[in-house]
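This note is for a colleague who is meeting the structure for the first time. Please read the numbered points with the model in view.

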Amino acid sequence: MPRPFRFNLQKVLDYRAQLEDQAKQALAKAEQAHQAGRARVEHIQSSLSAHLEAMSQGGAKSAADIWLGRNYAKRLAGDLYLAQQEEARLAQDVILRRQELVDRAKERKLLEKLKETQAERHARDENRKEQAEFDEMATLRYQVPAV
């Protein structure tokens, strides 16, 4: 009866699979944050362009309204710059998380390949032992035919 295969590093393999799952979750969160940052940039850009369009079409306004409009446009431009910087940082974070996921997947696959190799070797050894037992039983049971 062949004994079952037992992988000595199974707990390490399970841990690496868990790390890979965590890396997948971190990548998903980073991509979601990047999408939110991109949406914020697009929203600020549309607000700025709408405000500049409204300022250019405005008729006779007071000096205070012009001053307020210019300051609001400057503030929107500053917010746009900051949002673009944040989006770039989030994009870099997505790249880092993706690379981390690739590294974790490589580590897990390496151990899985080792497990497969050891399982194949175990199966070959067990088959060889079983065949040796069958050969020995056949040799012991063999009787020389009487002439």
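1. Helices here are DSSP runs of H or I with at least four residues, numbered from the N terminus. In that sense L48 belongs to helix 1. The model is a predicted one, and this should be kept in mind throughout the points below.

2. Helix 1 covers residues 10–57. Its 48 residues should span 70 Å at 1.5 Å a residue, and the C-alpha atoms at its ends are indeed 70 Å apart, so the expected and the modelled span agree.

3. Which residues of helix 1 are buried? They are L13, L19, E20, A23, L27, A30, H34, G37, V41, I44, L48 and H51. These buried residues pack against helix 2, which runs over 63–141. A general point helps in reading such a list: an α-helix has 3.6 residues a turn, so residues three or four places apart point the same way.

4. The largest nonpolar core consists of 7 residues, namely V41, I44, L48, A73, L76, L80 and A83. Helix 1 and helix 2 are the elements that give two or more residues to this core. Helix 2 provides the largest share, with 4 residues. There is also a second, separate core of 5 residues, among them A23, A30, V94 and L101.

5. Two members of the largest core may be examined individually. L48 counts as buried because its relative accessible area is 13%, under the 20% limit. Leaving aside neighbours within four places in sequence, L48 is in contact with A73, L76, A77 and L80. On the same basis, I44 is in contact with L76, D79, L80 and A83. By way of contrast in distance, L48 and R121 are 73 residues apart in sequence and 67 Å apart in space, C-alpha to C-alpha.

6. Is R108 of helix 2 buried or exposed? R108 is buried, at a relative accessible area of 14%. Apart from neighbours within four places in sequence, R108 is in contact with L13, R16, A17 and E20. R16 lies in helix 1 and is partly exposed, with a relative accessible area of 25%. Leaving aside its own neighbours within four places in sequence, R16 is in contact with E107, R108 and L111. The C-alpha atoms of R16 and R108 are 5.5 Å apart, although 92 residues separate the two in sequence.

7. Charged pairs deserve separate attention. Side chains of opposite charge can pair when their charged atoms come close. How many salt bridges are counted in the model? The count comes to 12 salt bridges.

8. One of these salt bridges joins the side chains of E126 and R3, at 3.2 Å from N to O. E126 lies in helix 2 and R3 in the segment before helix 1, so this pair ties together parts that are 123 residues apart in sequence. The two partners can also be described by their accessibility: E126 is buried at 10% relative accessibility, whereas R3 is exposed, with a relative accessible area of 53%.

9. A further salt bridge is formed by R98 and E31, whose closest N and O atoms are 2.8 Å apart. R98 is in helix 2 and E31 in helix 1, so the pair ties together parts that are 67 residues apart in sequence. R98 is partly exposed at 39% relative accessibility, and E31 is partly exposed with a relative accessible area of 33%.

10. A salt bridge may also lie within one helix. The side chains of R75 and D79 meet in such a pair, at 3.6 Å from N to O. Both residues lie in helix 2, 4 residues apart, or about one turn of the helix. R75 counts as exposed at 58% relative accessibility. In addition, salt bridges that share partners join D93, R97, E100, R104 and E107 into one network.

11. The last point concerns the surface. L9, V12 and L114 make a nonpolar surface patch of about 200 Å². Of these, V12 has its place in helix 1 and is partly exposed, with a relative accessible area of 35%.

Technical notes:
Residues numbered from 1 in each chain as written. Predicted model: local features only at pLDDT ≥ 70, side-chain atom pairs only at ≥ 80, totals over all residues. Heavy atoms only, no water. Patch = residues over 30% accessible without salt bridge, like charges linked within 9 Å, V, L, I, M, F, W, Y side chains within 5 Å. Areas by Shrake-Rupley, 256 points an atom, 1.4 Å probe, with all protein chains shown as cover. Salt bridge = Lys/Arg side-chain N within 4 Å of Asp/Glu carboxyl O. Buried < 20%, exposed > 50% of the residue type's maximum accessible area, 1.4 Å probe, protein only. Expected span 1.5 Å × (residues − 1). Contact = heavy atoms within 4.5 Å. Core = buried A, V, L, I, M, F, W, Y, C linked by side-chain atoms within 4.5 Å.
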